Amino acid sequence: MGNRQSRREVLTGSGVALLAATLPACGWAQEPPKRKLGYAIVGLGSYATRQIMPRLKDCEFAKLAALVSGTPEKLERYGAEYGIPKTHRYSYANYDSIRDNPDIDLVYVVLPNSMHAEYSIRASQAGKHVLCEKPMAVSAAECEVMIAAAKKAGKKLMIGYRCHFEPYNLRGIELVKSGFVGRPRVITSEHGFNAQPNQWRLDRPLSGGGSMMDIGIYSLNAARYLAGEEPIEVSAMESTDRKDPRFRNVEDQIDWQMRFPSGALASCVSSYSSNHNAWRVVGTDGWVGMEPATGYDGHQMWTRKGGKTEQVTLPAPPKNQFVAQLDHLAECAMNGREPIVSGEEGLRDMRLIEAIYRSAREGKAVRMTAA
Ligand code: NAD
């Protein structure tokens with residue numbers, strides 16, 4: 001995809017209206033909220049402290065209320081920085097006592113993958129709404145227990161699929177849905193980066209797997225939201241250099257194909273040894289594509305139809321993807337609606353990930369059965 005500034009399609013007035021229409025909103029069943037709901041952030045690592053915590057001040061319906069960490073120095077440092085009183089700072093040992101803190105309405109689990117299920121379930125049991133990072137857990141069985149726990153508590157469960165709140169990705173979904181590309185035939189979705197050694201992502205007991213569990217899930221989720229239908233068959237192939245000390249017990253590259261009921265095929269890449277961040281939907285009449293597609297910022301989108309390639313430029317949204325995601329759960333908690341990326345969405349991806357691993361292992365296609 002070329003970056004042709006002269007062909008830039010700058011969406012102005014109507015673009016803003018369109019964007020507002022595509023951004024997810026819960027709507028108020030009764031009246032707007034009287035107070036912002038409070039998030040407890042669980043796990044004060046890179047994503048929580050660099051991307052999430054700084055964004056909470058920009059939320060309309062949510063705020064930072066509490067911190068949970070196993071490292072007292074982090075609780076002290078971030079507690080002071082964000083003005084979180086000592087009464088609202090928790091260790092993993094006394095985590096369950098968040099139950100008694102009425103300032104905590106929502107819990108955001110930003111821990112290594114294999115800890116997602118336990119800390120989400122404990123939050124549900126403490127009577128809190130949960131936002132859990134992707135991948136939802138490390139198995140479909142764990143996802144099912146998480147969904148049941150939230151249901152039993154009568155609380156919401158949402159998964160941190162921030163791209164569902166990112167305007168370019170939403171525009172892509174809308175373009176495909178509106179028939180811009182004609183009948184979708186081929187979706188390509190590639191995500192990967194060069195993994196640094198010595199981190200939990202490369203340690204199966206904490207990560208649950210390699211690139212697929214971390215970055216590959218973006219390829220999978222994008223293919224699904226762009227197709228607008230669920231795959232019926234997957235076929236995968238893995239390539240891992242087991243002599244590379246990074247890949248002692250997790251996979252490096254795993255590529256797979258998915259067949260959709262309409263006949264469209266998706267071809268997906270997941271890698272811990274090469275950089276990719278792109279998707280493209282090619283249909284009978286044209287295509288729409290993005291590169292970079294699913295990062296924190298810098299999204300670029302192109303379309304091609306009738307022999308003309310154009311860059312799509314959208315106006316800055318009132319809320320970026322992080323703020324919109326954080327506000328969405330708060331809104332849903334307040335008005336009783338289901339999050340657009342609920343536990344069921346995380347479970348769908350996890351079932352497919354299990355099928356992808358199985359296909360690569362057994363060397364044959366796996367048909368998806370209805371849940
Ligand atoms: P990180 O290593 O920076 O942070 C992990 C945190 O968990 C650290 O604070 C660490 O102290 C804590 N922790 C508790 N017990 C631990 C243990 N036994 N081993 C290792 N760490 C332990 O990782 P991160 O990049 O912040 O990722 C955290 C989660 O967020 C992951 O599930 C990841 O997939 C997700 N994530 C999502 C996005 C996104 O864009 N949605 C981006 C990055 C990470």
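Is Gly307 buried or exposed, and what is its relative accessibility? Read on through these close-up views to find out.

This is a predicted model, in which local features need pLDDT of at least 70 and side-chain atom pairs count only at pLDDT 80 or more, while totals for chains, interfaces and linings use all residues. Residues are numbered from 1 along each chain as its sequence is written, and side-chain values use heavy atoms, leaving out hydrogens and water.

**View 1. Gly307 sits in a loop between two strands, β14 and β15 (308-313).** Helices (H or I, at least four residues) and strands (E, at least two) are DSSP runs, numbered from the N terminus. Gly307 counts as exposed because its relative accessibility is 55%. Here buried means under 20% relative accessible area, exposed over 50%, and partly exposed in between (1.4 Å probe, protein chains only). Look also for Gly286: its C-alpha atom is 8.6 Å from that of Gly307, although 21 residues separate the two along the chain.

**View 2. Gln300 lies in the loop that links β13 (286-290) to β14 (301-305).** Its side chain joins that of Gln311 through a polar contact of 2.5 Å. A polar contact is a pair of N or O atoms within 3.5 Å; within protein, one must be able to donate a hydrogen and the other to accept it, and residues adjacent in sequence count only if both atoms are side-chain atoms. The C-alpha atoms of Gln300 and Met290 are 5.4 Å apart, with these positions 10 residues apart along the chain.

**View 3. Two domains meet: domain 1 (24-162) and domain 2 (166-315 + 343-367).** These bounds come from an automatic or database domain assignment. Taken over C-alpha atoms, the domain centres are 27 Å apart. Where they touch, 20 residues of domain 1 are in contact with 24 residues of domain 2, contact meaning heavy atoms within 4.5 Å.

**View 4. The largest nonpolar core holds 108 residues, and Tyr39, Ile41, Met258 and Trp279 touch the most other members.** Helix α8 (residues 211-227) gives the most to this core, with 11 residues. A nonpolar core is a set of buried Ala, Val, Leu, Ile, Met, Phe, Trp, Tyr and Cys residues joined through side-chain atoms within 4.5 Å. Leaving aside neighbours within four places in sequence, Met258 is in contact with residues including Leu220, Ala223, Pro231 and Leu352.

**View 5. Helix α4 (residues 116-125) is largely enclosed by the rest of the structure, because 8 of its 10 residues are buried.** Among the buried ones are His116, Tyr119, Ile121 and Arg122. The buried residues of α4 pack against β2 (37-42), β5 (106-109), β6 (129-132) and α5 (140-153). Just after the helix, Gly127 takes a positive phi of about 85°.

**View 6. Asp214, in helix α8, is buried, with a relative accessible area of 8%.** Its side chain makes a polar contact of 2.7 Å with the side chain of Arg201. Not counting residues up to four places away in sequence, Asp214 also touches Lys134, Phe193 and Tyr272, among others.

**View 7. The ligand has an oxygen atom 2.8 Å from an N or O atom in the side chain of Asn113.** Backbone N or O atoms also approach ligand oxygen atoms, at 3.1 Å for Leu111 and 2.9 Å for Lys134.
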